[in-house]
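Let's take a walk through this structure together, moving from charged pairs to the ligand and then out to the surface. Keep the viewer open as you read.

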Amino acid sequence: MSKTAELIIDGKSYVFPLVVGSENEVAVDISQLMEKTGAVTLDLGFKNTGSTKSAITFLDGDKGILRYRGYSIEDLAEKSNFIEVAYLLIFGELPTQEQYIKFSDDIRTHTLVHEDIKKMLDGFPSTAHPMGVLASLFCSQTAFYPESLDPNRANNAVYLSIIRSLAKMPTFAAWAYKNAAGHPVNYPDNKLEFTARFLKMTFALPGQDYEVDPVITEALDKLLILHADHEQNCSTSTVRIVGSSKASIYSSISAGVNALWGPLHGGANQEVIVMLENIKNDGGDTEKWINKAKDKNSGFRLMGFGHRVYKNFDPRAKIIKKAADDVLKKLGVNDPVLEIALKLEEAALKDPYFVERKLYPNVDFYSGIIYRALGIPVEMFTVMFAMGRLPGWIAQWMEMRENKEPIGRPRQIYTGATLRPYKAIGSR
Ligand code: CMC
């Protein structure tokens with residue numbers, strides 16, 4: 001007999017089915033709730049709400065588990081590469097060698113962006129944050145490929161949009177950086193794969209040779225894998241909800257970039273470094289800053305700490321902490337900010353405030369330290385996150401489309417004024 005849940009409202013009982021996932025997660029299916037009872041649920045921040053059924057990413061926040069399509073993040077970060085992980089997320093299986101070569105060649109074919117994009121870039125002042133530029137350039141693809149606006153286009157046309165998104169992302173990201181630096185842009189070198197191509201476009205200067213460093217490429221590729229998907233977080237839910245109106249894939253991804261930008265989400269990686277530098281410049285008294293984070297009136301939070309779903313540890317943070325150590329050693333970098341980070345982590349993990357609330361370092365806590373060691377400027381940190389998250393956004397957008405999900409449209413409980421007669425207050 002299938003399991004059910006009983007809900008009693010005003011003494012009247014209603015029965016709802018339970019849905020069980022492949023890892024035995026349980027949900028109460030309330031899709032008939034309004035019809036049966038006239039009531040809605042209220043769940044600010046969707047803390048208890050499953051918005052979809054998904055076969056892409058599994059995470060268990062209590063056990064610190066993260067898997068893409070059933071493969072553990074530890075295995076993928078150690079043995080795979082970003083393009084293979086992108087294929088896995090989007091198409092559901094690891095590619096054969098033939099599939100990998102085709103996918104990677106298809107991406108290389110589309111790395112160039114329309115020359116008019118440079119005119120758009122020229123319109124941005126160099127003070128423009130690269131995330132704003134990235135979101136705008138992504139959305140502009142709807143103008144260059146208007147056929148992408150057709151929600152009923154065939155799967156091979158959708159494939160082309162996916163390839164174009166993956167191909168042009170490093171170009172857009174590097175150009176957003178060049179705009180901030182006030183430097184001329186570089187064109188993609190198609191002999192290079194995704195990560196190395198991005199590095200060369202970002203750091204090569206006119207008239208100078210630029211050799212991509214394999215240590216930097218490998219570390220960055222690992223970071224991109226760790227960020228590639230994270231089920232129904234703020235930016236991914238945004239991508240799915242924008243896509244549910246049958247908006248194009250480019251506008252859905254552009255919306256995802258904007259959602260990621262905020263300091264409580266992907267923007268935290270930039271804020272972590274700003275915070276660590278502030279602590280260093282303030283004399284390095286970590287205790288003082290921990291106390292500030294505990295004081296609700298200060299408006300200050302320990303950036304890079306806490307997570308909506310991880311309540312034990314963030315497996316990505318564990319891998320990144322080790323990778324940060326390796327990279328700093330390999331590159332011979334001695335970053336005083338790392339010492340502050342270690343002191344802060346040690347003090348917070350002993351402090352009852354953080355222990356009771358299960359606040360641990362998250363993926364953003366150490367990623368900034370690696371990005372700095374790799375020479376990535378701080379305002380580009382969230383762009384790095386967006387580059388990594390792109391395959392996840394695409395996979396989730398595709399799944400939403402294939403499942404023919406209805407338009408996302410939550411309800412509300414209205415708390416404003418009830419009907420009142422209009423009476424002019426001033427002269428007009
Ligand atoms: N520093 C101090 N207190 C905190 C922090 C923090 N970083 N995070 C949460 N708290 C407290 C919060 O004040 C609340 O306390 P109380 O129960 O006394 O009211 C309690 O812990 C629960 O916090 P919440 O805000 O209700 O939790 P949430 O699930 O809504 O928020 C979060 C999760 C990640 C937004 C939050 O922990 C936070 O703001 N962290 C700092 C920003 C950050 O590092 N974000 C990156 C997240 S990981 C990358 C990603 O996937 O986006």
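Glu147 has a relative accessible area of 44%, so it counts as partly exposed. In this predicted model, Glu147 makes a salt bridge with Arg164, and their closest N and O atoms are 3.6 Å apart. The two partners are 17 residues apart and connect distant parts of the chain: Glu147 sits in the loop between helix 6 (130–144) and helix 7 (155–181), while Arg164 belongs to helix 7. Arg164 is at 12% relative accessibility and therefore counts as buried.

If you follow the chain onward, you can find another pair of this kind. Asp189 and Lys200 bring their side chains together in a salt bridge, with 2.9 Å from N to O. This pair also links distant parts of the chain, with Asp189 in the loop between helix 7 and helix 8 (194–203), Lys200 in helix 8, and their positions eleven residues apart. Here the acidic partner is the covered one: Asp189 is buried, because its relative accessible area of 14% is under the 20% cut-off. Lys200, at 26%, is partly exposed.

How far apart along helix 4 are Arg108 and Asp105? They are three residues apart in that helix (residues 97–109), which means that about one helical turn separates them. Their side chains meet in a salt bridge at 3.9 Å, N to O, and Asp105 is partly exposed at 40% relative accessibility. The pair does not stand alone, since Asp105, Arg108 and Glu193 are linked in a network of salt bridges. Over the model, the count comes to 21 salt bridges.

Now turn to the ligand. It is surrounded by 22 residues, the closest being His265, Lys296, Arg301, Leu302 and Arg308. By class, this shell holds ten nonpolar, six polar and six charged residues. Several polar atoms of the protein face oxygen atoms of the ligand. A polar side-chain atom of His265 lies 2.5 Å from a ligand oxygen, a polar backbone atom of Gly304 is 2.8 Å from a ligand oxygen, and an N or O atom in the side chain of Arg357 is 3.0 Å from a ligand oxygen. Taken alone, the ligand exposes 940 Å², and the protein buries 78% of that area.

Finally, step out to the surface. Leu42, Leu44 and Ile413 form a nonpolar patch there, with about 360 Å² of accessible area together. Leu44 is placed in the loop between helix 1 (33–37) and strand 4 (57–60). At 71% relative accessibility, Leu44 counts as exposed.

How values were computed: Residues numbered from 1 in each chain as written. Predicted model: local features only at pLDDT ≥ 70, side-chain atom pairs only at ≥ 80, totals over all residues. Heavy atoms only, no water. Patch = residues over 30% accessible without salt bridge, like charges linked within 9 Å, V, L, I, M, F, W, Y side chains within 5 Å. Areas by Shrake-Rupley, 256 points an atom, 1.4 Å probe, with all protein chains shown as cover. Salt bridge = Lys/Arg side-chain N within 4 Å of Asp/Glu carboxyl O. Helix = DSSP H or I, 4+ residues; strand = E, 2+ residues; numbered from the N terminus. Buried < 20%, exposed > 50% of the residue type's maximum accessible area, 1.4 Å probe, protein only. Near = heavy atom within 4 Å. Polar contact = N/O pair within 3.5 Å; in protein donor to acceptor, adjacent residues only side chain to side chain. Nonpolar A, V, L, I, M, F, W, Y, C, P; charged D, E, K, R; others polar.
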